[in-house]
Amino acid sequence: MRRLPVLLPLIWVCSVFYVGIFLFVGGFLLVRLEVNRTSTCADILSPGAQVKGDFCLSEPRFRRAVVLIIDALKADFTRYDPENTAPKPFENKLPVLDEMGSLHPSHARLYTFRADPPTTTMQRIKGFTTGSLPTFIDVGNNFASNAILEDNLVHQLGQVGKRVVFMGDDTWVSLFPKKFHRSLPFPSFNVKDLHTVDNGILQNIYPTMEGDDWDVLIAHFLGVDHCGHRFGPDHPAMAEKLSQMDGVIRSVIKRLKNDTLLVVMGDHGMTDTGDHGGESQKETDAALFLYSSSPLFSAPGSQMEPEVVPQTDLVPTLALLLGVPIPYSSVGQVLLPLFPQNGSRSAPTGLSQAEALWINVKQVNRFLETYSNMAKDIPPDSLSLLRADFSNISSQYLVAVQEGRLPSPDLVVSMQNYLTSVRETCRASWARFNPFKMAAGLLILGLACLLCCVISELSHLVIQEGFLKLPIFSGLVVGMAVAGVQLFSQGYLELSWCLAGAALSSEVLFLWKTRRVSPKDRWCPARLLTPALLVLFLRCASLLSDSYVIYEGHVVTFLLLTLSVYIPLRLNWDGLLVPLPPPDTQKPPMQRQATLPSSVVRRETTVLLVWLGVLVGSLYVSLSFHNCREEQGSCQPSPFLSPLSRVQDSQLRNLHYVLSVASLATWVYLLHRWLRHYGNLNCSTVSVFSACFILPLACVGMGLHWAVSATPEDTFRNLSELIGLAHVFLPRAIFCVLGLGLLLLWVDPMTVFIKSRTPVNSRGTSLPRPRYRASTGISPQAELHHLIPQLYQRIRHSLEDGGVEAGEVDDRPAVEAYGLGTVFSAPLLLFCGLLGLVLLLLHPEGMALAFLLLLLEAGAVLHIHACSTNLSSLSIHSSGYSVPWASVVSWSLAAAQFFHATGHLPTFPSIQWGAAFVGFPQGHTGTVLPASLVILNTFSSHILFAVGCPLLLFWPLVCEVRGTRSARSVGGEESEDAVMEMRLRESPQKFSSALLQLTARYLFVNGAQVLASVCAAAILRRHLMVWKVFAPKLMFEASGFIVSSVFVMLGLIMVMRVDIAVGRLFKKLLPQNSRLFKLRNRNKPHISAIRLQATPQVLAEMWQQLLSSRLVLMRLWHRAKSGVDTV
Amino acid sequence: MWDVEIRGMASAHAIVASSIFLATVIPAVFLENFSVYGSHMVWLYSVAGSVAVVNIAVFWLLGISPPTKKNTLSFKINRLFRSCLYFLLSCLFYHTVVVLYGAPLLETALDTFSLAVLLSTFTTLRCLCILGPNIQAWIRVFSRDGALSVWDTSLQITTGCSLVGAWLGAFPIPLDWDRPWQVWPVSCTLGATAGFLTGLLVAPVWIHWHRKLLTYKLK
């Protein structure tokens, strides 16, 4: 078998995929590091003139504030046009804002309030409380909860002792847990409910305002937004809702006191259909209305008014007006009209414009310095420009202050410009999609899928030496060239474009090369239009719709069921499922040649249908292990998902525990049973040791661990220390034992028992061929009974004959190898079994049942594949061991299905964080170990199916029907032999190319799904659900692909390791002087034997051994031992 | 000979198709508040009943059913009984399959069973009419060279189309459009009916088109 030519194309394809994913994700998911520092009153901003600190210095302008957030209050809704006689439902419905503005121009002002994309409520709340520009992933954020850890306005208000009262959208409570003095959250999820939240607020807001138990009141109304989602803006319901809001604002204004600021704002706008989330102006432009009973603004026209207020600007403004520190990572700019102009000093308290700006500039500069030290994503040249600006401003300002004069208006303008450019720089690196990177990523991924397809079709060509040299070499050259050009022209290196250049050029070159090489007739696209690929297409198409992604678990089950039902239907359509009627005149005789015996057909059909039943049953049962997304309204998460310790009812807990342990035991039993059935447990190598002892040991350990973790804490008080120790050491011990098992399996993967066999037909026809192992059904005792007379007879015969027939050529001693028929699949299966236990340990206990179903389902898919291959083996004259698309697609769908059936979902809140604490109840110090544990837990089904992928190649051989394959094998002189996986050794070339083809197909199926979710994210990047559904789905799909591809390689390497070991075994078995060697089996169904035909010298020596009856004893002993092992 | 058979089949199919339309229209005239979505079960059973009656009548009149060796009354009754049993079994079979495909197990069991009845009417009933209660023959028909007459071919096409239609009918269910036809099992029954109608339409055309390629053995 050729190792490098198989691995190299796959590694290359995988890295091309990774580059594509990296590029797309780099352009789509903009990452910002969270600065986890908070501002305090005592902070001294450099360069500081004062010693006391900057923030809480002077008396605040306002003591209290009322913030009314009207979700999706678009800027258009607030404009009042008295000349409009036939207003649309959303026009002229908020006259109060205009009235106040015209009646009290120095008390009220209305601005357009521009949000940053993504315009979704949660991101916006984050935006106007932290003053930062949120991106999809704020690194440092804890994924487990949505809580904002970054410094924010609510936190600052709490720090200085302001009592913040919140009412409305319950998103706030999850964002700011325990930060409110008092909170009245109302459920926000049901979009169809227009009134619950608003009415809840209205019942509470006026009593609260009239009371004295608050300093800052935040009320978040959802009605307008829900009305937009449900009916769109152009609907009478919107008019009603906006009029209601008008009334609310009026009543609030009536109750305002002089020391209170009123802020009415929308968090984002909406499109004409009422949706939001994207970056169009209709979605970003909301309204901001500021009002105070005391004069707030200078007279209109006396100073420049901003036309549009960016949303981040609210944070420093509110902070300085209320006298709290500006949150650390705010990049906003104070809203100057709210501060008195230089020198006027008309306002009794508060900062002047220049002072406010100066504090703001220093704070932004501090943030910029901190951030650029942490992350490198701000371009260095613009950073140095900003630094120069700042030092310029600060020297001017300090000089002005020292000289005791007021800062000039020019300085104010330059400070404003500085703040604006900082904001723009940050925005450029955080809050914009990079369409070029996205397009390049898409292109590379699409080509990579094509590449996989080509490799799978032309695997026999790709495997030739040197086929890949040119593409890879050219890729490296182009990558270097791009890097050089970048260094030369820009002065710095952007890694992603170098990688993109390398990947693209190597892909194109490879495709061009195969186009020349490949036979022309092979490339008809109709050949790929099989139902299996249609199912794959449907699966990919389903990733483009949010509803299908939400119900993904059911969709995948539906498709998998369809595909597996299709297989027998198709076989029946081809007339292969039922034995043909006895030959009559109907059929032309030539068609009847290639048929299997009808008993074989009947048996295979029965096996096929039984396994189909198992598959369907396990699919159906596995539906009850699903978790629920929040979008699925009336869905109950599976009761098996909660850890046992949380189950209150002790009887139910016991039942769950017994079920889990039983399924764990069944898992181990099934593996053991399979290995024993195929004679892989006869030898005494370390891998058998791991199968016989490590598996049950780990199983017992896990049962104990579950029992310990399920006991309620207060039951065994005196044993609490012991229990604590068990929590730590039991899982670690199990990990170690299983790891040891995996290691042993790697060190010696052979599960073959070699036995020297004496000549069987020593006297020609005088002795019947021993048939005592003809069936595995015979009990070992019976075998032994049968064996002893035979041995006796043979010894008698040999004693009679002496060494006479030693010169005979026909029957020479042979070496029997038990378990050689499954030499590849046995270690792989054992590997999967051990790995499965590791992964199961990371799951809640109830998932043991799901894992058992996984094993059954994998077995069912394999058997259906094997049976259909057997049944159609004669009609399809395919060369090699090609695995059809249907099986590969089912295998991959099963992986996706069990991702859901083990309680996982493609959303961040549903990640099972508990996995990180298995064996580490006190937590971790590093991040690598917990992260890898969580990844192992999340992608466990991907991992198991990926490692087991080569089994698809081996299974038809393991279950082969004798006579089907050997009929067409060329050198098969003994067609009755079941050679099983040894057949792969006959043609290493075909074996390698089949392995390459299978892996390429599996990668294609997974890669196509990644491509589909990438397309979904790219096309629907303005969709309402993009940050809730598509972006997380993309992340999970991409990481699942990466994990799958790594583990598929691992499985492949395992197969190669076995191949090396088999080669070594054969070398050892063949004595130097023996030449004839063939595979042979004595008409036994499941045990292959190698018969080694030896030279007379060897033969005589062995014969001597037999005569001295030592071998007889040895055989008896082995037989008895294997009898113990086997049953 | 060929053309006569195809024409006969086409007209038989036209009668069956028109019976579906009549079954939709006539209750609308006689019943108040009748609508395909609103009173879905009424529509379903009216369609199923009319298709069953028309199918049986047409095939009985045309004499398509396989010739029987014995012609005694008891044999006929036995046949009828077996046919009814097979029909019932096929309803249960379809019910199981639909539940395995993801239909709720208990909540809408009656609706699910109605879908199974409709599917059985479209598929099993025609098998019974054309091939008689003979499962061996049914399995034989659904293989590549299993069709022995144009009727067998049309059976292949209509059955396949009905099942694929019902399968496709499940697609819109998860979508969040909130339409009345997305309610279980409306979309599936509509899909099955549409598939069946398509099959009825396509079968004669397809057979006519491929008449050179189709070589049936003598019965």
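Biologist: What makes Lys178(A) exposed rather than buried?

Modeller: In this predicted model, Lys178(A) has a relative accessible area of 85%, and since exposed means over 50%, Lys178(A) is counted as exposed. Lys178(A) is found in the loop between H6 and S6 of chain A, and its phi is positive, at about 65°, although Lys178(A) is not a glycine. Most residues other than glycine have a negative phi.

Biologist: Why does Asn92(A) count as buried or exposed?

Modeller: The relative accessibility of Asn92(A) is 15%, and buried means under 20%, so Asn92(A) counts as buried. Asn92(A), which is not a glycine, also has a positive phi, of about 60°, and lies in the loop between helix H2 (75–78) and helix H3 (95–103) of chain A.

Biologist: How many aromatic pairs does the structure hold, and why is the pair of Phe166(A) and Phe180(A) called stacked?

Modeller: Over all chains there are 35 aromatic pairs. In the pair of Phe166(A) and Phe180(A), the ring centres are 5.2 Å apart and the planes stand at 20°; a pair needs centres within 6.5 Å, and planes under 30 degrees apart count as stacked, so this pair is stacked. Phe166(A) lies in strand S5 (residues 164–169) and Phe180(A) in the loop between helix H6 (171–175) and strand S6 (182–186) of chain A, so the pair ties together parts that are 14 residues apart in sequence.

Biologist: How do you know whether Phe166(A) and Phe180(A) are buried or exposed?

Modeller: Phe166(A) has 0% relative accessibility and Phe180(A) has a relative accessible area of 13%; with the limit for buried set at under 20%, Phe166(A) counts as buried, and Phe180(A) is buried as well. Phe166(A) and Phe180(A) also belong to one aromatic cluster with Phe128(A), Trp172(A) and Phe176(A).

Biologist: What makes Trp358(A) and Phe390(A) a stacked pair?

Modeller: Their rings are 6.5 Å apart from centre to centre, with 5° between the planes, which satisfies the limits of within 6.5 Å for a pair and under 30 degrees for stacking. Trp358(A) lies in helix H12 (residues 353–374) and Phe390(A) in helix H13 (residues 380–402) of chain A, so parts that are 32 residues apart in sequence are tied together by the pair. Both Trp358(A) and Phe390(A) are buried.

Biologist: How do you know that Arg144(B) and Asp574(A) meet in a salt bridge?

Modeller: Between the side chains of Arg144(B) and Asp574(A) the distance from N to O is 2.9 Å, and a salt bridge requires a side-chain nitrogen of Lys or Arg within 4 Å of a carboxyl oxygen of Asp or Glu, so the rule is met. One salt bridge is found across the interface of chain A and chain B, together with eight residue pairs in polar contact. The largest share of the side of chain A that touches chain B, seven residues, comes from H21(A).

Biologist: What makes up the interface of chain A and chain B in terms of residues and area?

Modeller: In chain A, 20 residues are in contact with 18 residues of chain B, and the two chains bury about 1,900 Å² between them, with 62% of it on carbon and sulfur atoms. Of the area that chain A buries against chain B, Phe558(A), Trp573(A) and Tyr620(A) supply 34%, which is more than any other three residues.

Methods. Residues numbered from 1 in each chain as written. Chains lettered and ligands numbered in written order. Predicted model: local features only at pLDDT ≥ 70, side-chain atom pairs only at ≥ 80, totals over all residues. Heavy atoms only, no water. Phe/Tyr/Trp six-rings, centres within 6.5 Å; stacked < 30°, edge-to-face > 60°. Helix = DSSP H or I, 4+ residues; strand = E, 2+ residues; numbered from the N terminus. Buried < 20%, exposed > 50% of the residue type's maximum accessible area, 1.4 Å probe, protein only. Contact = heavy atoms within 4.5 Å. Buried area = accessible area lost by both parts, 1.4 Å probe. Polar contact = N/O pair within 3.5 Å; in protein donor to acceptor, adjacent residues only side chain to side chain.
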